[in-house]
Amino acid sequence: MEQAKLFMNFQNGLLQGQAVQTTQRVLKDLKGCFSDSEAFEESDLSQIVYEVQIHARETEGKEGGLFWGVSCVYPGKVGNEYFMTKGHFHLQRDTAEYYFGIQGEGVLLLMDESGKCRGEKVKAGSLHYIPGKIAHRLVNSGNGNLLVGACWPSNAGHDYGSIAQNGFSKRVFCMDNSPKLV
Ligand code: S6P
Ligand code: ZN
């Protein structure tokens, strides 16, 4: 019998094994995402906002395969707005995705193509089904790291352009020390 070749530590979200790739997004990569552009320009644009580990066993675009990933959004704010991911629709619009909370506290913003947006609270053990045609963005509304696992079809792809153009119609701000969806 062979040993397992891929491991996920469900305490700290670390993926280990072949074909695990890690990408980082720094604040500069999120230009235009935050509402307070003055606070943005005054921030350290080289700081890491989030990291994504992906078990990329398939080539992006391949039909019938899956990707598995873990995103870690660090705690922080630009003005009163919490750190978040860029967010995207899938390029193949009608492909779905699962997210699950591993650690920390956050909000999953979900927006349809008409711009109707809602937020689901994310915490350790929460499971989120994101149907096709729904844009998704993670917001870290806690004081520690927000770790979220995900599984999605390898032909889904990412459409960041629509979000760069129109954004999400709701944002999560820190008001009186707690997260508010505005
Ligand atoms: C991929 C999945 C996640 C995100 C990650 C980073 O479909 O939704 O792995 O890629 O959370 O977010 P973004 O918006 O920068 O790709
Ligand atoms: Zn996705």
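Is glutamate 97 buried or exposed? In this predicted model, glutamate 97 counts as buried, because its relative accessibility is 4% and the cut-off for buried residues is under 20%.

Glutamate 97 is also a good place to begin because it leads to the metal site: the zinc ion (ligand 2) is coordinated by Glu97 through OE and by His88, His90 and His136, each through NE2, at 2.1 to 2.3 Å. Along the sequence these donor residues follow the spacing H-x1-H-x6-E-x38-H. Glutamate 97 belongs to strand S8 (residues 97–103) and histidine 136 to strand S12 (residues 135–140), so that this pair, 39 residues apart, links distant parts of the chain. Histidine 136 likewise counts as buried, since its relative accessibility is 1%. Around the zinc ion (ligand 2) there are six donor atoms, and because the angles they subtend run from 70 to 172°, the arrangement is octahedral.

From the metal site we can turn to the surface, where Tyr98, Leu127 and Tyr129 make a nonpolar patch of about 360 Å². One of these residues, leucine 127, lies in strand S11 (residues 127–130), and leucine 127 counts as exposed because its relative accessible area is 61%, with the cut-off for exposed residues set at over 50%.

A last stop is histidine 55, which is found in strand S4 (residues 48–55) and which counts as buried because its relative accessibility is 15%. Leaving aside residues up to four places away in sequence, histidine 55 touches Leu6, Leu15, Gln18, Ala19, Val20, Phe67 and Trp68.

Note on methods
Residues are numbered from 1 along each chain as its sequence is written. Chains are lettered from A and ligands numbered from 1 in the order in which they are written. This is a predicted model: local features need pLDDT of at least 70, side-chain atom pairs count only at pLDDT 80 or more; totals for chains, interfaces and linings use all residues. Side-chain values use heavy atoms; hydrogens and water are left out. Donors are N, O and S atoms within 2.8 Å of the metal (3.2 Å for Na, K and Ca); water is not among the atoms, so sites may look incomplete. Four donors count as tetrahedral if all angles lie between 85 and 135 degrees; four count as square planar and six as octahedral if opposite donors are over 155 degrees apart and all others between 65 and 115; anything else is irregular. Helices (H or I, at least four residues) and strands (E, at least two) are DSSP runs, numbered from the N terminus. Buried means under 20% relative accessible area, exposed over 50%, partly exposed in between (1.4 Å probe, protein chains only). Patches are made of residues with over 30% relative accessible area and no salt bridge: like charges are joined within 9 Å, nonpolar side chains (Val, Leu, Ile, Met, Phe, Trp, Tyr) within 5 Å. Accessible areas come from the Shrake-Rupley method with a 1.4 Å probe; for residues, only the protein chains shown count as cover. A salt bridge is a side-chain nitrogen of Lys or Arg within 4 Å of a carboxyl oxygen of Asp or Glu. Contact means heavy atoms within 4.5 Å.
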